[in-house]
Amino acid sequence: MRIILLGAPGAGKGTVAKLLTDYDGSVQISTGDILRGAVKAGSDLGKKAKSYMDRGDLVPDQLIMDIMESRLREPDCKKGFILDGFPRTIPQADALKGLLKKLDLKLDVAVNLNVPREVILDRLTTRRTCSNPECQEIYNIKSKPPAEGGKCKKCGWKVIQRDDETEEAITKRLQTYNEKTAPLIEYYRKEGSLKSITSTSSEEIVSSIKTAIKKGH
Ligand code: AP5
């Protein structure tokens with residue numbers, strides 16, 4: 001499958017993407033995970049991105065497009081991909097359109113995850129993430145707690161709270177989402193490729209996505 005997952009911070013994009021990769025081997029491409037990995041590794045990209053991320057702002061479009069162009073050319077993307085957290089702005093969506101054309105690839109569907117704001121706020125403050133850049137499994141102290149001692153059930157690394165999970169950064173991320181990313185819902189609706197799903201159950205969302213893809217959405 002070749003899909004885009006749209007949705008506010010905390011809507012469950014990462015959780016749903018991981019469930020979908022188990023289904024047909026399509027790769028999850030999360031620009032957030034790539035950027036956090038770069039920050040942890042102290043690379044040039046990480047140094048450029050960190051201050052934007054910590055305050056809840058978007059990283060400049062050109063940096064993101066450089067990452068995505070090389071990522072989508074990697075051989076594992078041939079099986080399909082789930083774009084999680086990308087595109088995030090209209091210029092990114094336009095650039096993605098051009099890139100897919102150049103690579104001769106067609107998108108199946110852009111899925112919008114519609115989740116009430118109070119659920120989102122609760123989820124973001126209770127989320128924990130595996131600190132291993134190769135794993136980044138997502139936990140939640142209420143709905144999916146890590147193993148004893150705050151360890152990842154998959155790889156055993158420490159499970160931590162993200163740097164952008166302060167109340168101030170969360171507020172800013174939601175505001176940035178409303179201003180810059182929410183307009184993409186209309187963008188993909190006009191393109192005829194939008195599927196909006198209102199649900200707080202990841203399993204229900206995954207099953208709706210599978211049905212949409214089978215039906216040609
Ligand atoms: P990114 O990592 O993409 O953050 P985000 O969009 O804010 O999304 P989140 O990871 O916060 O939420 P999610 O929707 O994946 O939810 P999750 O599954 O974790 O980006 C971080 C930063 O990087 C950005 O702020 C920006 O600076 C930069 N960036 C990234 N991409 C960029 C781009 N394209 N352009 C520019 N800048 C970019 O779930 C949340 C919690 O809820 C978890 O604890 C989970 O366990 C729980 N949960 C999920 N589903 C359920 C459920 N059904 N029931 C109960 N709990 C659930």
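Biologist: Let's fix one term before we start: two strands pair if DSSP finds at least two bridges between them. Going by that, in what order do the five strands of the open sheet come?

Modeller: This is a predicted model, to be clear. The order is 2-3-1-4-8, with parallel pairing.

Biologist: Which ones are the edge strands there?

Modeller: Strand 2 (27-30) and strand 8 (194-198), each of which pairs on one side only. On average, neighbouring strands in this sheet are turned by 20° against each other, ignoring direction.

Biologist: How many bridges are there between strand 1 and strand 3?

Modeller: Four, in the parallel sense, with strand 1 covering residues 2-7. One pair you can look up is Arg2, whose bridge partner in strand 3 is Phe81.

Biologist: What about the three-strand sheet, what's the order and the pairing?

Modeller: That sheet is open too, runs 6-5-7 and pairs antiparallel. Strand 6 and strand 7 (159-160) are at the edges with a single partner strand each, so one side of each has no neighbour in the sheet.

Biologist: How many bridges join strand 5 to strand 7?

Modeller: Two, with strand 5 being residues 127-130. Thr129 sits opposite Ile160 of strand 7.

Biologist: Which strands does helix 6 lie across?

Modeller: Strand 5 and strand 6, and helix 6 runs at about 45° to strand 5.

Biologist: OK, changing topic to the ligand. How many residues surround the ligand, and which are the closest?

Modeller: There are 34 around the ligand, and the closest are Thr15, Asp57, Arg127, Arg173 and Thr200.

Biologist: What does Arg127 put 2.6 Å from a ligand oxygen, a backbone or a side-chain atom?

Modeller: A polar side-chain atom. For Asp57, a backbone N or O atom is 2.6 Å from an oxygen of the ligand. Gly12 has a polar backbone atom too, 3.0 Å from a ligand oxygen.

Biologist: And what percentage of the ligand's area does the protein bury?

Modeller: 93% of the 1000 Å² that the ligand exposes when taken alone.

Biologist: Which elements give two or more residues to the shell around the ligand?

Modeller: Helix 1 (13-24), helix 2 (31-41), helix 6 (117-126) and strand 6 (138-140). Helix 2 gives the most, with four residues.

Biologist: What does the shell look like by class?

Modeller: It has 12 nonpolar, 13 polar and nine charged residues.

Biologist: Last topic, backbone oddities. Is the peptide bond from Phe86 to Pro87 cis or trans?

Modeller: Cis, with omega near -5°. Pro87 is in the loop between strand 3 (81-84) and helix 5 (90-102).

Biologist: And what about phi at Asp104, positive or negative?

Modeller: Positive, about 60°, although Asp104 is not a glycine. Asp104 is in a loop as well, between helix 5 and strand 4 (109-114).

Biologist: Why flag those two?

Modeller: Because most residues other than glycine have a negative phi, and most peptide bonds are trans.

Definitions and conventions: Residues are numbered from 1 along each chain as its sequence is written. This is a predicted model: local features need pLDDT of at least 70, side-chain atom pairs count only at pLDDT 80 or more; totals for chains, interfaces and linings use all residues. Side-chain values use heavy atoms; hydrogens and water are left out. A residue is near a molecule or strand if one of its heavy atoms lies within 4 Å of it. A polar contact is a pair of N or O atoms within 3.5 Å; within protein, one must be able to donate a hydrogen and the other to accept it, and residues adjacent in sequence count only if both atoms are side-chain atoms. Accessible areas come from the Shrake-Rupley method with a 1.4 Å probe; for residues, only the protein chains shown count as cover. Ala, Val, Leu, Ile, Met, Phe, Trp, Tyr, Cys and Pro count as nonpolar, Asp, Glu, Lys and Arg as charged, and the others, Gly among them, as polar. Contact means heavy atoms within 4.5 Å. Axes are lines fitted to C-alpha atoms, for helices over the stretch in contact, and angles run from 0 to 180 degrees between N-to-C directions.
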